[in-house]
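User: Please take a close look at one part of this model, the packing inside it, and carry on from there to whatever else can be described. Keep it plain.

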Amino acid sequence: APRLVLVLGDQLSPDVAALREADKTRDVVLMAEVGSEASYVPHHPKKIAFLFAAMRKFAAALREGGWTVRYTRLDDPDNAGSIPGEILRAAEVTGAKEVLATEPGEFRLIAALEECPIPVHQLPDDRFLCSHAEFADWAEGRKELRMEWFYREMRRKTGLLMDGDAPEGGKWNYDHENRKPPPGSVEVAPMRFTPDDTVAEVLELVEARFGDNFGTLTPFWFATDTAQARRALSHFTKTALPHFGDYQDAMMKGERFLYHAIVSMYVNAGLLGWREVCDAAEAAYRAGDAPLNAVEGFIRQIIGWREYMRGIYFLEGPGYTERNVLRHDRPLPAFYWSADTDMLCLAEAIGQTRDEAYAHHIQRLMVTGNFALLAGVDPHEVHEWYLAVYADAYEWVEAPNVIGMSQFADGGIVGSKPYVSGGNYINKMSDYCKSCAYAVSQKTGEGACPFNALYWQFLDRHEERFSKNPRMAQMYRTWNRMDEEKRAATIASAEAFLAKLDAGERV
Ligand code: FAD
Ligand code: DLZ
Ligand code: SF4
């Protein structure tokens, strides 16, 4: 009997473990668009359309390559509605008694495959640089985990930007050069693709089935196969990479992409591999087309942060997304689903998330994430929002970024201090504040930037946990030196704002 070879929507690589292990002449590849995967959070319509289109094109490519593929469309009347359901249905038809799979990127689905009545062999997903075992070895016995140390090992392991045993240019990390405020204008844009017939068909389906989800479906311009994704990558390395470092942390009104790569959804779905992405960046540096600070910063995001986040997710295990050490319990403000707020930074970040299923790192961390943390929003609600709205979001990468880095809900496994700031930081790194209804320079009262009072109120309410953190001592000294009246006005201001928020008033 044939074996079934399960290929999930974010496993669209010809050399994914299950396909490597399978026998083209006898096994049957199973791919399925299913309701359960499409609705465990209300995914952005662009995310669903991207995955379905990429899945259909990948299935066609496999067939062309000689594989037998069983592909279930979402609107197939016999669709069983879940991955295990589709496995059982396919087993009945083909007589298969076992399934080869590549380990999914979410514990939810790993558990569902383990519980499947037919044996499912979950092979390690070796599309990553660092295996679970290697990460666990690295973490073993360390008092605290820090990305920087992990990253250096990954540099050595890959040989990327190495000069013998030493880092290229003499330093491992050029981050301090990567904090320039926004440029006057941005001359580049990500490569856009006109929908082909497959995409057009999927867009119709997604509009009909998920048109009410938060997020704008069209214009749809993502790459949906590897050839296109490679063109997008090469376009990025030629046009934006040279400035990627300088403006990595900058934010600009109306500029949704700046000098970012916009490849995370392609890499995470399997259309691009980490190696080719990093090689392309290193080649640009070696050819003198991009400076070291840009290329090192970019490569660090991929072999450093991306691998590190995955390591943490699998090290911490199921239950990570339930963590809430700060005991925050405020519901996610309604404006996260509408962009309807006078706070311009949030309106911009959420508005572009709605339109593009994309926001860049600093928007995710220092605008939407920072606000949720300051306002004391339940981290699980924050997590579900991020998992839904970004085209690149799967739990293995989203949860450590949100629960860990952004919300400090894991108590400091990912970050040594919470990423919080008042309006000053946003003002320094963006041009938002000058067109905002709130005054960033005003600390308290009606028209003051809400981040300002919320920031101090956050420090005040978590004084016990954070005041002894050496990286936060300076801020606590400043807070404790403020005169009593000013402190009281700050707390009152924050509380008045939160009361408005809780009452559902426009803020
Ligand atoms: P660039 O800025 O051009 O960076 C290049 C690449 O580096 C990205 O494509 C990505 O593969 C990788 N990368 C950069 N930072 C990270 C990081 N912190 N973790 C993992 N990979 C990284 N990234 C996701 O892929 N999926 C998510 O669900 C996700 N959720 C996030 C939630 C929060 C709160 C934060 C702060 C960050 C999150 N990130 C997530 C990381 C980062 O914001 C995105 O990877 C990045 O914005 C993708 O856009 P880009 O391709 O233009 O990236
Ligand atoms: C995200 C997603 C969506 C929206 N739909 C499907 C689908 O219909 N079929 C499928 O195989 N995969 C889908 N995915 C991706 C899975 O949710 C993903 O494989 C797991 O979350 C593990 O990362
Ligand atoms: Fe955001 Fe405050 Fe600046 Fe307005 S003033 S854009 S709310 S940081």
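Analyst: **Packing around Leu6**

Leaving out residues up to four places away in sequence, Leu6 is in contact (C-beta atoms, placed from the backbone, within 7 Å) with Ala18, Leu30, Ile87, Val99, Leu100 and Ala101. This is a predicted model, in which local features need pLDDT of at least 70 and side-chain atom pairs count only at pLDDT 80 or more, while totals for chains, interfaces and linings use all residues. Residues are numbered from 1 along each chain as its sequence is written, and chains are lettered from A and ligands numbered from 1 in the order in which they are written.

Leu6 and Leu30 are among the residues with the most contacts inside the largest nonpolar core, which has 159 residues; the others are Leu4, Val5, Val263, Tyr266 and Ala281. Such a core joins buried Ala, Val, Leu, Ile, Met, Phe, Trp, Tyr and Cys residues through C-beta atoms within 7 Å, buried meaning 20 or more other C-beta atoms within 10 Å of the residue's own. Helix 13 (residues 292–316; a helix is a DSSP run of H or I, at least four residues) contributes the most to this core, eleven residues.

Helix 15 (residues 361–374) is also mostly covered, with 13 of its 14 residues buried. The helix has a kink of about 25 degrees centred on Thr368, the bend being the angle between axes fitted to the seven residues ending there and the seven starting there. Just after helix 15, Gly376 has a positive phi of about 75 degrees.

Conventions. A residue is buried if 20 or more other C-beta atoms lie within 10 Å of its own, exposed if 12 or fewer, and partly exposed in between; C-beta atoms are placed from the backbone. Helices (H or I, at least four residues) and strands (E, at least two) are DSSP runs, numbered from the N terminus. Two residues are in contact if their C-beta atoms, placed from the backbone, lie within 7 Å.
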